[in-house]
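These are my notebook entries on one structure, kept in the order in which I looked things up. I began with a single side chain and worked outwards from there.

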Amino acid sequence: MQHKNSKTPPHRYPIPLSLALATALLLMVLSILPAVQVYELKAYDWFFRWTTKKPAHKEIVHIDIDDRSVERVGKWPWSRDKHAQLIQTLNECSVRSIAFDILFIEPGKELPRNENLKETLVRMIAETFSESPPAETADSGAGTRIHLFRSRIEEEIVDEDALFSEAIRRSKADIYLPFYFPMEALGESSYGRPLPTQPAGGSSDFMNKVRLDGRFGLEIAIPASAELFAPAPEIAEAVTRSGFVNIIPELDGTVRRAHLLWRVRDAFLPQMFFKLALDDLGFKHPALSMNRSILGPELKIEEKESGKNLAIPVSKE
């Protein structure tokens, strides 16, 4: 039996509920604003800075090309004979691996064997034109002397790519040189889209040396390009270990993550330092696949010959 004076109780907490919904909506709108995203990224940096105390491994040495280096060695870019000397010096220190984060895309130049080129030329001119030409070519006179002078100049000139390539071949340490993908053609549509049928830049031999075997069933963002900028031909022939060094900064210009793989048609090519890590861990012929774990997608690395396996958590972006 219902009393006549009974009233339907009003909805409880109408103002707090509306305020909560409005606040949630406001936060959703603010979260997509670039300025707010930058502060979120800075908070992310602060969190890891205070929760991650593990120092870098003592066996990893970073060699900087800074202002002091430029003052001592000379203006940048340095000739490739300087990098060849660096390889030789580091080999004397018994290092296991050397990775150059420098692109050697353009063919090198010819360099004088002797740094005192002016003095060398003066000496060569004096020696050449003070000598008597051979009897059988005495009639040609000046022409013979010029030919002799040119031959001596060629003996004093060396190809910097040849010097660098020879240093790579003779190195006991593993040498890693980078290649690069053109970024102007890379956009959101490049993730997983069909690639043009035009051949990729760089020789197929070079690509076969650096590609990895992989199968990827999950939808994951693996950048794709139709071409790459490989090292200069003579250097590419000498190098056996390589990888890309493309980086994609966040909104604030900071790099917080890196793509481990890049696709060129049906080939999956590794990031250079990812490749170095695989080699250092003993993966000689790794097979890569994408799996889904409780924590999300992960890149699985397996090798049947050695029984080695490794799983790396990755994001879909």
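**Entry 1: Lys275 and its partners**

I looked up Lys275 first and found it buried, with a relative accessible area of 13%, where buried means under 20% relative accessible area, exposed over 50% and partly exposed in between, with a 1.4 Å probe and protein chains only. Before going on I noted that this is a predicted model, in which local features need pLDDT of at least 70 and side-chain atom pairs count only at pLDDT 80 or more, while totals for chains, interfaces and linings use all residues. I also noted that residues are numbered from 1 along each chain as its sequence is written, and that side-chain values use heavy atoms, with hydrogens and water left out.

Lys275 forms a salt bridge with Asp279, the closest N and O atoms being 3.1 Å apart; the term stands for a side-chain nitrogen of Lys or Arg within 4 Å of a carboxyl oxygen of Asp or Glu. The two residues are four apart in helix H10, and so are separated by about one helical turn. Helices (H or I, at least four residues) and strands (E, at least two) are DSSP runs, numbered from the N terminus. Asp279 itself is partly exposed, at a relative accessible area of 22%.

**Entry 2: Following the bridges outwards**

Asp279 also meets the side chain of Arg241 in a salt bridge, 3.5 Å from N to O. That pair links distant parts of the chain, with Arg241 in strand E6 and Asp279 in helix H10, 38 residues apart. I then found Arg241 in a further salt bridge with Asp174, 3.4 Å from N to O. Arg241 lies in strand E6 and Asp174 in strand E4 (residues 174–179), so this pair ties together parts that are 67 residues apart in sequence.

How exposed are the two ends of this bridge? Arg241 counts as partly exposed at 25% relative accessibility, and Asp174 is partly exposed as well, at 27%. A search of the whole structure gave me seven salt bridges. Those that share partners join Asp174, Arg241, Lys275 and Asp279 into one network.

**Entry 3: The largest pocket**

Rolling a probe the size of a water molecule over the atoms shows where empty space is left. For this I took a pocket to be an open set of points, on a 1 Å grid over the protein atoms alone, where a 1.4 Å probe fits, with protein on both sides within 12 Å along at least five of seven lines; lining residues have an atom within 4 Å of a point.

The largest pocket has a volume of about 1,400 Å³, a volume being the space filled by probe spheres set on the points, which are joined across faces, edges and corners. Its lining is made by 33 residues, and Val61, His62, Ile63, Ile98 and Ala99 lie nearest its centre. The elements that give two or more residues to this lining are helix H3 (67–73), helix H4 (80–92), strand E1 (97–99) and helix H10 (272–280). Which element gives the largest share? I found that to be H4, with six residues.

**Entry 4: Around H4**

The peptide bond from Trp76 to Pro77 is cis, with omega near 5 degrees, and Pro77 sits in the loop between H3 and H4. Ser94, in the loop between H4 and E1, has a positive phi, near 60 degrees, in a residue other than glycine. I flagged both places because most residues other than glycine have a negative phi, and most peptide bonds are trans. Ser94 is exposed, with a relative accessible area of 63%.

Glu92, which belongs to helix H4, counts as exposed at 60% relative accessibility. From C-alpha to C-alpha, Glu92 and Ser171 are 9.9 Å apart in space, although 79 residues apart in sequence.

**Entry 5: A second loop**

My last look was at Arg257, in the loop between strand E6 (241–244) and strand E7 (261–264). Arg257 counts as partly exposed, at 42% relative accessibility. Its C-alpha is 9.6 Å from that of Ser315, with the two positions 58 residues apart in sequence numbering.
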